[in-house]
Amino acid sequence: MSAQRRSKVKIDDDYSKLDQYAILLHEYYKSLRKAGFTVENALWLIATKDSYPDWLQDPTMKDIRNHIEDEED
């Protein structure tokens, strides 16, 4: 058996606001699905911005970087 090699994720500091928003939506959707929400309910919550937690309203590059690093561990 050979050991799996982990590739290092390059963190790009030049995310546009649109990129950051797309990442936010994707991560929010994945979290909702992981928590057991149906596809329909997860999409409905994503479409309803009033349902977003306060801390999720405006992610920073530091937040995105920390999330990516946490997933690598």
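Which exposed residues does the face of α2 turned away from its buried side carry? They are Glu 40, Trp 44 and Ala 47, where exposed stands for over 50% relative accessible area, buried for under 20%, and partly exposed for what lies in between (1.4 Å probe, protein chains only). The legends below describe a predicted model, in which local features need pLDDT of at least 70 and side-chain atom pairs count only at pLDDT 80 or more, while totals for chains, interfaces and linings use all residues. Residues are numbered from 1 along each chain as its sequence is written, and side-chain values use heavy atoms, with hydrogens and water left out.

**View 1. The protein chain has three helices and zero strands.** Its elements run α-α-α from the N terminus on; helices (H or I, at least four residues) and strands (E, at least two) are DSSP runs, numbered from the N terminus. The chain has 73 residues, of which 19% count as buried. It exposes about 6,300 Å², and 53% of that area is supplied by carbon and sulfur atoms; the areas come from the Shrake-Rupley method with a 1.4 Å probe, and for residues only the protein chains shown count as cover. Of the contacts (heavy atoms within 4.5 Å) between residues at least 6 apart in sequence, 61% join residues at least 24 apart.

**View 2. Confidence in the protein chain is highest in helix α2 and lowest in helix α3.** The score is pLDDT, the predictor's confidence in each residue, from 0 to 100. Helix α2 (residues 39–47) has a mean of 94, and helix α3 (residues 61–72) a mean of 73. For the protein chain the mean is 79, with 71% of residues at 70 or more.

**View 3. Helix α1 has 18 residues and a buried side.** From its first C-alpha to its last, α1 reaches 26 Å, close to the 26 Å expected at 1.5 Å a residue; the expected span is 1.5 Å times one less than the number of residues. Buried in α1 are Gln 20, Leu 24, Glu 27, Tyr 28 and Leu 32. These residues lie on the same side of α1 because they cover an arc of only 135° around the axis, the arc being that of the directions from the helix axis to the C-beta atoms. Exposed residues Leu 18 and Lys 34 sit on the face turned away from the buried side of α1. Just after α1, Gly 36 has a positive phi of about 105°.

**View 4. Lys 30 and Glu 27 form a salt bridge in helix α1.** A salt bridge is a side-chain nitrogen of Lys or Arg within 4 Å of a carboxyl oxygen of Asp or Glu, and by this rule the count is one. The closest N and O atoms of the pair are 3.5 Å apart. Lys 30 and Glu 27 are three residues apart in helix α1 (residues 17–34), so about one helical turn separates them. An α-helix has 3.6 residues a turn, so residues three or four places apart point the same way. Lys 30 is partly exposed, at 34% relative accessibility, whereas Glu 27 is buried, with a relative accessible area of 17%.

**View 5. The buried residues of α2 pack against α1.** Those residues are Ala 42, Leu 45 and Ile 46. They cover an arc of only 100° around the axis and therefore lie on the same side of α2.

**View 6. Ile 46 of helix α2 is in contact with Tyr 28.** Ile 46 counts as buried, at 13% relative accessibility. With its neighbours within four places in sequence left aside, Ile 46 is in contact with Leu 25, Tyr 28, Tyr 29, Leu 32 and Tyr 52. Ile 46 and Tyr 28 are 18 residues apart along the chain, and their C-alpha atoms are separated by 7.4 Å. His 26 lies in helix α1 and is partly exposed, at 44% relative accessibility. From His 26 to Ile 46 the C-alpha separation is 9.4 Å, and the two residues are 20 residues apart in sequence.
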